[in-house]
Amino acid sequence: MTQSSFWRIHGRTAIIIGAVVSLAGAWIFGQLNLKTDVAKYLDDAIPNATFQLVSSKPSEGQYLYSATANGTQIGWVTAGKGQGYGGPMVVMVAWTMDGTITNLQVPELKETPVWYARLNKPLGDFSSYFSQYIGRTFSDPFTLGTDIDATTGATRSSIGVAQGVYGGRLLLAEQLGKPYVGPPQQIKIGPEEILLIVALVLVIAFRMIPGLKQKRWPRYVMLMFGLAVFGVWSSAMLSLINFVVFPIGYAPSIFTNPFLYIMVFGVLLLALTVGKNFWCFWICPFSALQEGVHFLGGSQVRPVSRLQLALRNSRYVILWAVVMLVFIFRSPQLAVYEPWNTVFSLQGNLAQWLLLGSVLGIGLFIYNFWCHYLCPVGATMDIVLKIRTWAVNTYGRLTAGSAGGNRIG
C-alpha cells in the first residue's frame, strides 16, 4: 500500500486518533503541573508580619495562618478557593484576632480582565464589590443577594470571591471554637433557568411535532426569543468555556449556577438521545444576529460548494488548538474568544472588537459565516452528533451480526 493510498483510506481515522491522543497528553500535562502556593501571598494580606500555618484542607484549597509581629499575634490570614467564570481563584482574607475582616485580595485568578474589572467599580453604597466584606465578622453568612450584592455582568466572579471568603472563614470559625454551620445549599431556579427550559421545550416541539417541523416561522420565532433573552437581556450563551471547565475540574457548583448545568447537559443530552442540535441556528443569539446582518446585506452566498464545505473543517482545527491550550495551561479563559461576549456585554479589548467587526462584516455576504467556519460550539455539537451516529451504527451492526449468527446456529 502506497503512502498516498494509506492516507486516502485511513487518513481521517489517523487524524482523529492523533487529536484524541494529543488532547489526552495535554490534559495529563496540565494535571501534573497543578500547583498552588498561597504562602507567597501572605505578606500582601498583612505586611511586616511572620506567619505560621495553623490548619488546612489542601484538597479544598483552604488554609489558616496566624500572623505575628514583635512576638505577639496580631491576627489571622485565611486562603480560600472559589470558582469564577474562567476557573479557580485564590482569595486571601486578613482578620483581626476576634474574626473581623480588615483586608481582602484575590492574587491568583483566571478571569477575563475586562469583566473582572467590574468588581472594582462602585456598587451601591460601596466603593467596590470587595469593600462590602471589610468590617464583617466570621459569623456573618456572606450570602450573595442577601448579605452581599453581586456585580452585574460579573456574577460568576462575584460568586467565586464569596466562595473563597466562605471557605477560609470555615477554618477560622473552627479555630475560634465557634464552628460555622450555614443553611443547607439549595438549587435556586430563577427567571434565566425557567426561560432556558421553556426555550428548549419549544424547540423540541417545533422540531419534533409533525405539523410544525416543516414550517420555517418557528425557527425565526426562537431566534428572536434567544436574541432577546439570552443575548440582550442576560448575555448568557452557550460558549466553549462552558464545556472545557468540566474536564479540568473547574466547573462551578450546581447550587450557585444551575443555568450552566441546564444549558450544557440539556443540550448535550438532547443531542445524544434525539440526534439533533437544539441550540445552534435555533436559540443561539449570535446566530440570530448574523442572520439579521446577512438579511441586510442581501447576499445569498451559502457554504454549499466543495471548497466551502471543506473549509468548514477549520472549526475543528480551531477547537482542537484552543482546547489543547486550555488543558496545558489549565486556563479556561483562553476559550473566551467568541465574538458574542463582546457584542452583548459591550465589553472587550481591541482584538475582540476587531474580530466582531470582521465577522459581522463578512456575514453581510456569507450566510452565518462564524457558525459555518469558526464557531467552536458548533464544532463541539457536530462532534457529539457524529459520536452518536457512530455509536448507533456500531450497535446496529453488532446487533445484526449477533442475530445472523443465531439464525445460522
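How many disulfides does the structure hold? I put this to the model, which is a predicted one, and found that the structure holds zero disulfides.

**Cysteines**

I then looked at two cysteines to see why no bond is counted for them. For C371, the closest cysteine sulfur is that of C284, and because the two sulfur atoms are 5.7 Å apart, they are too far from each other for a bond. For C375, the closest cysteine sulfur belongs to C280, and here the 5.6 Å separation is again too far for a bond. The cut-off that matters for this reasoning is 2.5 Å between the sulfur atoms. I also looked up the burial of both residues: C371 has 10% relative accessibility and therefore counts as buried, while C375, at 6%, counts as buried as well.

**Annotated spans**

Next I turned to the UniProt record, an unreviewed entry, which lists "transmembrane region" for residues 12-30, 194-210, 222-246, 258-279, 316-333 and 353-371. I checked two of these spans against the model. Residues 194-210 are 94% helix and 0% strand, with their end C-alpha atoms 26 Å apart. Residues 353-371 are 74% helix and 0% strand, and in this span the end C-alpha atoms lie 18 Å apart. I note that C371, whose sulfur I had examined above, is the residue at which the record ends the span 353-371.

**Whole protein**

For the overall picture I noted 16 helices and five strands, with the C-alpha atoms filling a box of roughly 80 × 55 × 40 Å along the principal axes. Of the 409 residues, 44% count as buried. When I took the contacts between residues at least 6 apart in sequence, 65% of them turned out to join residues at least 24 apart. The protein exposes about 20900 Å², and 64% of that area is supplied by carbon and sulfur atoms. On the charges, I recorded 29 positive and 17 negative ones, whose mean positions are 22 Å apart.

**One serine**

Is S158 buried or exposed? I found 0% relative accessibility for S158, so this serine counts as buried. S158 sits in helix α4, which covers residues 155-175. Leaving aside residues up to four places away in sequence, I listed L119, Y129, L144, A150 and T151 as the residues that S158 touches.

Methods
Residues are numbered from 1 along each chain as its sequence is written. This is a predicted model: local features need pLDDT of at least 70, side-chain atom pairs count only at pLDDT 80 or more; totals for chains, interfaces and linings use all residues. Side-chain values use heavy atoms; hydrogens and water are left out. Buried means under 20% relative accessible area, exposed over 50%, partly exposed in between (1.4 Å probe, protein chains only). UniProt positions are given in the numbering used here, feature names are shortened, and annotations may be inferred rather than shown by experiment. Helices (H or I, at least four residues) and strands (E, at least two) are DSSP runs, numbered from the N terminus. Contact means heavy atoms within 4.5 Å. Accessible areas come from the Shrake-Rupley method with a 1.4 Å probe; for residues, only the protein chains shown count as cover. Lys and Arg count as positive and Asp and Glu as negative; His and the chain ends are not counted. The place of a charge is taken as NZ of Lys, CZ of Arg, CG of Asp or CD of Glu.
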